[in-house]
Structures are given as C-alpha cells and as structure tokens.
Amino acid sequence: MIVRFTLNGRPREVETEPHRTLLDVLRDTLGQLEAKEGCAEGACGACTVLLDGRPASSCLTLVPLVEGRRVTTVRGLERDGRLHPLQESFVAHGAVQCGFCTPGVLLTALWYVEKNPGADREQIRQALGGNLCRCTGYTKIVDAIEAWSRRATAEAGP
Amino acid sequence: MIPFEYHAPATVGDAVAMLAARDGAKLLAGGQSLVPALTYRLARPGVLVDINALPLADVVRTNGHVRLGALVRHHVLEESPDVRRWCPLLAEAVAYVGNARVRTLGTLGGSLAHADPAAELPVAMVALDARFAAVGAAGSREIPAGEFFRAPLTTALAADEILTAVDVPVTRGAGTAFVELARRPGDFPLVSVAAVVAVDRAGRVADARVVFGGLAGAPQRSAPAEDALRGHEPTPERIAAAAHAARRALRPETDVFASGAYRAHLAEVLARRALRTATNRALTVEVR
C-alpha cells in the first residue's frame, strides 16, 4: 500500500505494507534513525513522535493510521540548522547521557510545556511519566525542561 | 508482526459484513492494545478491519445524555467541554489511562471492547449506568454497561458486532469521583474506584454508586457500600462505614502484582477517598 504523510514539514510517500508500524517505516524505509525502539509495547517512550502535534508511540502506530497526518521527529525541532532552545537547555544542563531516550523526552516535553506554559517541576515530572531514562535519574532532564519553561514564559511576557 | 489482510471500510455496514464473512477478523481502532498483541504474536488475525474511517468520533449532547462515538480518542474525552461539564467522571478517569501517547490514539470503544479487567473506562461506565450501542449482522441493540463486561477481555459483543457509541446519562446535581492506585504512572491500577453520589435537599444521600476495578474479571458494583449510604447524611463516619462495608464483601484474588489482602485494603481506602470527594462535589453543586 502507498501511505502519504508529512515528515518534519516535508511531504513523503512510501510504499509499504499495512502490518508495518510508523517506527518501521521511519527507520527501515526512510532511514530516519532518531526514533528508537525500546520496549516495542508503548511503555518506554523511546519511539515517541508527534502526530498532528500530539505525542504518539510510533511502535504502536500501524502505518495506515498515519495517512494524511503530520509527523514530527526530533529532527523537526531545528530551525535553520540551529538547535531548538529546549535542546540548548538539555546541552547546558548535561541532561543527555547515552541519548537513547532523548528524542522522545524532548518531543514529550515540548508538547507538554507549549500546552501548559510555565509548567512547574512536579507537572513536568508527571508529564514525563511515560518516558523512561535509565541513565540520568531524571534530575538534569527536569532541570533542563524547567529552565526552558521559565525562560520561554518570561520571554512570552505577561 | 505476522502479515494480515487489511481492509478499511467506509461504513459500519461494510465493517460488520467483513467481520461476519471472515473468521478471526479483528477490528483496528487506535491499536494501543491490539498492536502490542500483534507484535508479540499473542494475536494473529488473518484479517484486520480498520474502522478509523467510520463516522464514529463525535461527542453529542442530547436530552439528558452525552452520546460518545466509539472512535472518540481518549484525549478528546479528557478535554471535551461537554464531557467535563456533563459527565466529569469520564474526564477524571481517562486522565489515568496509560500515558499521553496512549491517549493520543487510543479510543473509547477500543478500551471498552478490549475489556481489560483493570482498565479505568469500564469502571466509570458501569458507575454512570451508560448504555452501549452495538451493530451486528443481526441488527442493532443496546447493552447496559452493567451487562457488557463478562470476564477478563470478554464482553457481551458477538464476533460480528461493533460497538458504535455509548450513551452516558449526565450527572447534573450529583458529585462524582474517580481514584486509583497504580505502582507507576501509566500502569494499569491495582485497584480503582468510581463513585457517584447524589444528595437531596434534606442533606441525605438520594443515590449512590460505588464501582471497583482491578478486583475481579470485570467492574464490580458494591451494593453494601451503596446501601450503607442511601437515605443517610454523608458524614465522614457514614462514608467510612460504607467503605468498610464494601471491603467486607470483597474477596480479591492474589496475583503477581498484589496480594488479595492488600487489594482489599486499597479498596476500602480508595472507596473512602472517592466517596468523600464525590460527596463534597455533590454538596458544592447543591449550593450553586
């Protein structure tokens, strides 16, 4: 079957089979390796993408469900070759260790904080409940998101 | 994943015909339970009928009811102003379902028809006395929520029936609450409780519904707790007695996640919290 969708703003058309997941298509068909396979059952968050702006497990998204939709991976966060301010905050706070969970965490955090401007630490922790990190103990990840959340809110003004 | 034959019908009639014609055909809605089962080859359907194109995603307020299409996604249930206003129990319960990703694609009908014994939405629907609309080869019928859930992963739906919508009575004037305890955020809860409490002008409980999830193969209504409340002033002592009465009638089983004794303890504690919250909300509604 042919499935058409937008990947990071660019229209894509792939020849695939209905039993493939979006994760299969991203990695194996399109060679986009930023979405990772962790648990393959929707619990770990390593394969998180944004589907029409909301987080989804690409490992649980059968590819027919993507037809006509907008898919964003972590590569979609850069602007003119520069990292997104949230990514800069991750670098500044040392919030990345092995990096396997990072794309999913970034996309989840971006979605959540844009929807809940000024989100506090506890809210951020709750929002990341579905994204597992086995390296950092989460502290620096939450630090990075909180710092960006505060700065973004301050810049947006009262 | 084992390949399957794939169909995406545009009408409920066509979808039913495909289910009826092909043994072992499975419906695909949001896929949040089905896809893991396919990945692990726990489910190996020869035919998958994708119902995402069916016009079943509406939330409609009708006289005294909110009619929810089976394809209403969890996040829509969570955010819909009609749901939050007219059946807030559903918005409260669905916020516990899985994680944000599950709520993006997961559907109301999928969760109900899958009928995991610990799932939140079946418990809420039994507490709200919802009615399920099903369409099959033999025609349409309505099934009360209390008769829909039969056993773990087993419902009253026939193999060729599709759950198309759920009619939920509005809980105007009553207070509702949903509480649960899960080991980790997003896990299925060990125990969940839905409570609906209506208080009359004299300050007595006119009606109460207490329903537990996670204690048996299907949601369990607690008649002892409801009887302990009806006709009485919902004081903290009365609520504690009702929660205790609920516990005494329960015999939860032990499994790898928790002992039966711990589940019974949780049931009492969570029932008390749910009833307190529902009562406070009922009284607030009264004042307004």
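A residue counts as buried if 20 or more other C-beta atoms lie within 10 Å of its own, and as exposed if 12 or fewer do. With that cut-off in hand, the reader can enter this predicted model at a single residue of chain B, B:G98, which sits in the loop between helix 5 (88–94) and helix 6 of that chain. Because 26 other C-beta atoms lie within 10 Å, B:G98 is buried. Once its neighbours within four places in sequence are set aside, the contacts of B:G98 are B:Q32, B:R103, B:G106 and B:G186. A further residue to look at from here is B:A119, which is 21 residues away from B:G98 along the chain, with 9.4 Å between the two C-alpha atoms.

The start of chain B offers a contrasting case, B:I2, a residue of the segment that precedes strand 1 (5–7) of chain B. Here the count of other C-beta atoms within 10 Å is 11, and B:I2 is therefore exposed. Residues up to four places away in sequence left out, B:I2 still touches B:R41 and B:R44. Of this pair, B:R41 is 39 residues from B:I2 in sequence, while the distance from C-alpha to C-alpha is 7.2 Å.

Taken as a whole, chain B is assigned three stretches, namely domain 1 (5–50), domain 2 (59–169) and domain 3 (177–287). Between the C-alpha centres of domain 1 and domain 3 of chain B there are 36 Å.

Chain B also meets chain A, and in this interface 22 residues of chain B are in contact with 21 residues of chain A. On the side of chain B that touches chain A, helix 2 (34–39) and helix 6 (100–105) of chain B each supply at least two residues, and helix 6 of chain B gives the most, with five. Sorted by class, that side of chain B holds twelve nonpolar, eight polar and two charged residues.

Turning to chain A, one finds a division into domain 1 (2–76) and domain 2 (85–156), whose C-alpha centres lie 22 Å apart. Where these domains of chain A meet, 16 residues of domain 1 are in contact with eleven residues of domain 2. The elements that give two or more residues to the domain 1 side are strand 3 (48–51) and strand 4 (54–57) of chain A, and the largest share, three residues, comes from strand 3 of chain A. By class, this side of domain 1 of chain A has eight nonpolar, five polar and three charged residues.

The last stop is a pair of helices in chain A. The axes of helix 3 (residues 102–115) and helix 5 (residues 139–156) of chain A come within 11 Å and cross at roughly 35°, and the crossing is right-handed. Helix 3 of chain A brings A:V105, A:A109 and A:V113 to this contact, and helix 5 of chain A brings A:I141, A:I145, A:S149 and A:A152; by class, the contact has six nonpolar, one polar and no charged residues.

Helix 5 of chain A can be followed further, since at 1.5 Å a residue its 18 residues should span 26 Å, which agrees with the 26 Å between its end C-alpha atoms. Its buried residues are A:I141, A:V142, A:A144, A:I145, A:E146, A:W148 and A:S149. What covers the buried residues of helix 5 of chain A includes helix 2 (85–92), helix 3 and helix 4 (121–127) of chain A.

Definitions and conventions:
Residues are numbered from 1 along each chain as its sequence is written. Chains are lettered from A and ligands numbered from 1 in the order in which they are written. This is a predicted model: local features need pLDDT of at least 70, side-chain atom pairs count only at pLDDT 80 or more; totals for chains, interfaces and linings use all residues. Domain bounds come from an automatic or database domain assignment. Two residues are in contact if their C-beta atoms, placed from the backbone, lie within 7 Å. Helices (H or I, at least four residues) and strands (E, at least two) are DSSP runs, numbered from the N terminus. Ala, Val, Leu, Ile, Met, Phe, Trp, Tyr, Cys and Pro count as nonpolar, Asp, Glu, Lys and Arg as charged, and the others, Gly among them, as polar. Axes are lines fitted to C-alpha atoms, for helices over the stretch in contact, and angles run from 0 to 180 degrees between N-to-C directions. A crossing is left-handed if the near helix is turned anticlockwise from the far one by less than a right angle, and right-handed if clockwise. The expected span of a helix is 1.5 Å times one less than its number of residues.
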